[in-house]
Amino acid sequence: MREPDTIVIGAGTVGAAIAWGLARGGQQVLVLDGGDTDFRAARANFGLVWVQGKGPGMPAYQRLTRQSADLWPAFLRDLAEVSGGVQVDYERRGGIALTFGDTGHDQRRALIARLEAERLADDPASGATDIEMIDRRALQGLLPDLPLGATVSGASFCWRDGHVNPLHLLASLHAGFQRLGGDLRGNTRVSAIRPEAGGFAVTSDRGTWRAARVVIAAGIASPALARQLGLEVPIRAERGQVLVTQRIAPVLPYPCSGLRQTADGTIMIGATKENVGEDVSTSVRASGWLARKTVDISPDFARLQLVRHWSGLRSLSPDGCPVYVQSADHPGAFVAGCHSGVTLAAVHAARLAPAIASGTLSPAFDPFHNRRFHVQAAS
Amino acid sequence: MFKPLADPARRAVPVFVDGVETPAQEGETVAALLLRVPPHIARHTPVQETPRAPYCLMGVCFDCLATVDGETSVQTCLVEVRPGMRIERPRGKLRITA
Amino acid sequence: MNSGHDILIVGAGPAGMAAAIELRRLGLMPLVVDEQPRPGGQIWRDVERQRPDVLRRALGPDYAAGADMVARFRASGAEYRPGTRMWHIERGLRVFLSQDGQAFLAEPRALVLATGAQERPAPLPGWTLPGVMTVGAAQILMKGSGQIPDRPVWIAGSGPLPILYMRQLLAAGGQIAGYLDTTPAGAARRALPQIGGALRGWGDLRKGLGWLRDLRAAGLRLQRGIRDLAAEGETRLEAICYRTADGRSHRVAADLLLVHEGVVPSVHATLSVEAPHVWDAGQGALRPVLDDWGMTGIDGLFVAGDGAGIAGARAAVARGRLAAQGIAARLGRPATADAIAATRAELRAATAARGFLDAVYPPPDTPIADDTIVCRCEELTAGEIRAAARIHRGGPNQVKAVTRCGMGPCQGRQCGYTVNRLLAETYGQTPAETGFFRIRPPLRPVTLRELAALEEGREAP
């Protein structure tokens with residue numbers, strides 16, 4: 001293999017999408033992945049390609065999310081073209097965020113109104129709305145096979161939302177960038193990144209590699225690596241526990257926030273948000289609570305069997321929005337971190353990767369610079 | 001495939017397999033009964049709908065899953081027959097709504 | 001609902017019953033749960049039942065001896081809940097169980113896992129066809145429901161169990177079409193260094209050799225060094241194919257094939273709480289690291305019986321008693337030094353021949369063809385696992401994520417060791433380096449109704 005143009009640290013959904021985008025742009029890419037039992041948000045992902053409700057107070061994130069959702073079909077076509085077909089169970093028929101009680105419905109309406117106002121203030125030319133509030137009867141019409149529980153009051157419905165099998169997506173990205181000549185090294189834990197003349201030396205327990213550019217996309221392991229290059233990236237772990245049931249015949253034609261039926265027929269139920277540090281144990285407090293929520297949505301779910309229960313760690317910045325930054329001291333070193341790696345996979349491949357390849361993050365990525373946290377910390 | 005040895009001490013227990021009244025033996029598991037009832041299977045899988053019969057009979061293979069008295073995916077090797085029990089051998093994915 | 005017991009024993013086989021009897025003797029009150037409807041475990045399954053003479057004689061004196069143990073367990077006064085399944089263990093020994101569709105919590109100060117062993121999954125082409133079962137399954141049918149194959153049956157594999165079952169089957173009036181011994185050639189020779197231990201455990205070995213002699217005298221057709229065993233059929237078993245030691249291929253009609261490739265400890269529960277385990281190269285399996293009372297690396301969590309490493313029923317009884325004595329000492333009711341010494345001596349005697357048996361019957365090493373199903377639940381083949389390994393270069397958990405292998409209801413009980421072996425072969429690593437699936441709850445499926453009824457989930461975590 002010739003020396004890589006770029007080394008990507010992390011083969012999760014974020015790293016793999018960037019590596020795919022770089023390879024698609026003609027770069028020679030080396031991706032270094034950690035151990036089998038490392039924390040892996042990509043392995044615990046829920047699989048929503050989701051727009052609604054995201055980015056209050058951060059219209060740039062709303063915009064990025066919408067842009068990525070719209071890039072998804074072309075992104076998949078491209079991936080399929082290179083790989084000779086992909087099977088990722090992608091669907092985009094719209095998504096549902098359920099509401100409970102009158103208060104829940106009113107709160108959701110208020111959030112949606114705020115997001116719409118922020119969107120139009122940010123970009124008056126961003127088009128018509130993609131979301132509407134629907135009442136219980138309309139919701140039951142969308143979900144005819146599922147008798148709704150008594151407390152369900154309605155939903156917001158966004159046509160831009162969809163879902164995908166996140167594990168198949170990850171597998172396809174891995175296969176795709178290798179097909180373009182990229183190299184994936186598994187079970188390789190990076191310990192040091194050292195700037196040198198003309199680039200960086202990346203050292204792991206399995207050897208040292210050199211490249212002109214390096215992208216840190218290692219989830220919650222990113223802050224420690226970024227610090228070696230003088231970058232403070234405040235990404236922390238948030239635990240999410242998810243349940244999966246046995247396979248059943250189709251009952252849920254649309255993905256819902258916290259509930260979706262996969263193409264395999266299983267029902268995925270999620271997810272908790274727990275600030276417990278780097279702990280991926282599971283609790284019955286979580287499975288009990290998630291089961292209650294699900295039976296509240298429809299009592300018909302009560303007879304389903306829980307087959308799997310896992311927990312993963314989201315990588316979250318303080319405002320929950322992505323971080324994209326190039327080191328000022330060491331140009332050529334980039335950090336990319338976010339918790340919506342599936343939704344943003346298309347924009348990472350089609351926009352972020354070319355920006356990294358060009359050596360300059362375009363102004364569209366400015367709002368995601370890590371300096372925003374330092375300003376907050378100083379004020 | 002299997003035949004029961006004559007055992008006068010065991011009473012017959014009437015159960016229903018896919019709606020058909022079937023004599024089981026007192027004290028045997030549902031899986032043991034299913035191995036005597038043609039076509040000697042417990043289910044068709046929800047993945048590719050291939051037929052499966054009980055394989056391990058000790059609770060670790062999950063190939064003897066069937067619906068028992070309305071409860072789905074019961075490990076039938078762990079449950080003894082009861083008079084009037086209704087056993088259904090699933091074909092493919094479970095339907096939760098009528 | 002909390003069970004309110006200081007000691008919880010999971011499993012009512014030899015180890016669990018022995019632990020319960022000893023704890024009662026020392027004045028302690030355990031709760032014993034078991035997923036079977038009756039006590040005895042697999043070895044003494046349904047031993048309390050009155051049987052026709054022919055079946056009683058066929059099952060033999062070692063089986064009948066279990067009736068005494070079960071009677072003493074019943075009389076011990078230990079609280080016993082059959083039909084009860086453990087599905088989640090949280091840190092701090094919070095154990096979640098279900099009985100009759102109702103979930104409940106036990107918070108014991110000591111937990112004994114006496115969940116025994118399972119037959120080693122032995123994938124071969126066509127092993128998911130109805131008509132292919134394990135030898136253990138057939139033996140359970142004989143014990144539990146008095147059923148035997150209605151036609152001459154093919155038996156294939158390795159280890160003591162097929163020999164025992166064939167002897168029982170013939171005595172019960174059954175017929176054997178042939179025994180295809182898959183034990184790797186040369187295993188007996190490699191076992192010679194272990195002969196010292198074997199001589200100390202002579203009784204069991206002599207019994208086994210006697211059974212084999214009886215079987216041959218009864219005209220058993222035994223073929224050694226069998227390779228490339230395969231089951232064929234459309235919707236059920238129609239024929240079996242195999243290659244004999246002379247290199248010739250055979251295909252014979254069959255409607256029932258019983259297979260067995262040894263047994264492995266059941267480790268899902270101890271793996272789920274991340275207790276330390278080691279790879280036992282002799283048995284080709286994981287086992288929990290235990291102190292000399294049988295306690296794992298997790299305080300208060302004990303393992304007794306074959307779950308501690310395969311050693312058979314006699315050793316299981318000794319281990320159960322030893323765990324009970326260890327727990328009693330922790331709870332301020334120590335057994336006498338003599339009683340403890342006697343238990344340890346019994347355990348040594350019961351395990352003396354084990355190294356020899358492991359060497360005589362090593363884990364199978366026949367190549368696994370690409371089109372052989374590895375994961376019965378998700379219907380995935382060895383070829384699919386190998387392809388995933390080549391593309392993603394990951395360990396068992398990454399391969400699980402991209403293929404779904406191990407994600408079905410059995411939670412990797414039927415594919416875990418095969419995936420370990422395929423990845424070790426692909427990467428040129430040892431099984432120990434390759435690692436195993438991370439085991440997650442539920443250890444058994446549980447309904448959302450049971451979960452939702454628990455107090456635990458009233459508030460968001």
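Start where chains A and B meet: 12 residues of chain A are in contact with 8 residues of chain B. Keep in mind throughout that this is a predicted model. Colour the chain A side of that contact by residue class. You should find 5 nonpolar, 3 polar and 4 charged residues.

**Chain B**

Now select chain B alone. How many helices and strands does chain B have? There are 1 helix and 8 strands. Trace them from the N terminus and the order reads β-β-β-α-β-β-β-β-β. The radius of gyration is 13 Å, close to the 13 Å that the globule rule gives for 98 residues, so chain B is as compact as a globular protein of that length. Align the view to the principal axes: the C-alpha atoms of chain B fill a box of roughly 40 × 30 × 20 Å. Next, colour chain B by burial. Of its 98 residues, 49% are buried. Then turn to the contacts in chain B between residues at least 6 apart in sequence. Of these, 41% join residues at least 24 apart.

**Domains of chain A**

Switch to chain A and give each domain its own colour. Domain 1 is made of three stretches, 6-49, 166-235 and 318-378. Domain 2 covers 95-159, and domain 3 covers 236-316.

Hide domain 1 and look at the other two. The C-alpha centres of domain 2 and domain 3 of chain A are separated by 21 Å. Their contact takes 13 residues from domain 2 of chain A and 12 residues from domain 3 of chain A. Which strand gives the most to the domain 2 side? Select strand E4 of chain A, residues 95-100; this strand supplies 4 residues. By class, the domain 2 side that touches domain 3 in chain A holds 9 nonpolar, 3 polar and 1 charged residue.

**Where chain A meets chain C**

Bring chain C back. Here 39 residues of chain A are in contact with 34 residues of chain C. On the chain A side, four elements give two or more residues: helix H5 (166-179), strand E8 (183-185), helix H7 (284-297) and strand E16 (305-316). Pick out H7(A), which provides the largest share of that side, 10 residues. The chain A side divides into 16 nonpolar, 15 polar and 8 charged residues.

Stay here and select E16(A) together with strand E24 of chain C, residues 446-447. In which sense do E16(A) and E24(C) pair, parallel or antiparallel? The pairing is antiparallel, over 2 bridges. Zoom in on Leu306(A): Val446(C) in E24(C) stands opposite.

**Inside chain C**

Move to strand E11 of chain C, residues 153-158. Are its residues buried or exposed? Of the 6 residues in E11(C), 6 are buried. Rotate the strand to see both faces. Val153(C), Ile155(C) and Gly157(C) line one side, and Trp154(C), Ala156(C) and Ser158(C) the other; both faces are covered.

Add strand E12 of chain C, residues 176-181. E11(C) and E12(C) pair in the parallel sense over 5 bridges. Centre on Ala156(C), a buried residue of E11(C), and find Leu180(C) of E12(C) standing opposite.

**Last stop**

Select residues 373-425 of chain C. An unreviewed UniProt entry places the feature "domain: BFD-like [2Fe-2S]-binding" on this stretch. Residues 373-425 of chain C are 55% helix and 9% strand. Draw a distance between the end C-alpha atoms of the span: they lie 17 Å apart.

Note on methods
Residues numbered from 1 in each chain as written. Chains lettered and ligands numbered in written order. Predicted model: local features only at pLDDT ≥ 70, side-chain atom pairs only at ≥ 80, totals over all residues. UniProt positions renumbered as here; feature names shortened; annotations may be inferred. Rg over C-alpha atoms; globule rule 2.2 N^0.38 Å. Buried ≥ 20, exposed ≤ 12 C-beta atoms within 10 Å, placed from the backbone. Contact = placed C-beta atoms within 7 Å. Domains from an automatic or database assignment. Nonpolar A, V, L, I, M, F, W, Y, C, P; charged D, E, K, R; others polar. Pairing = 2+ DSSP bridges.
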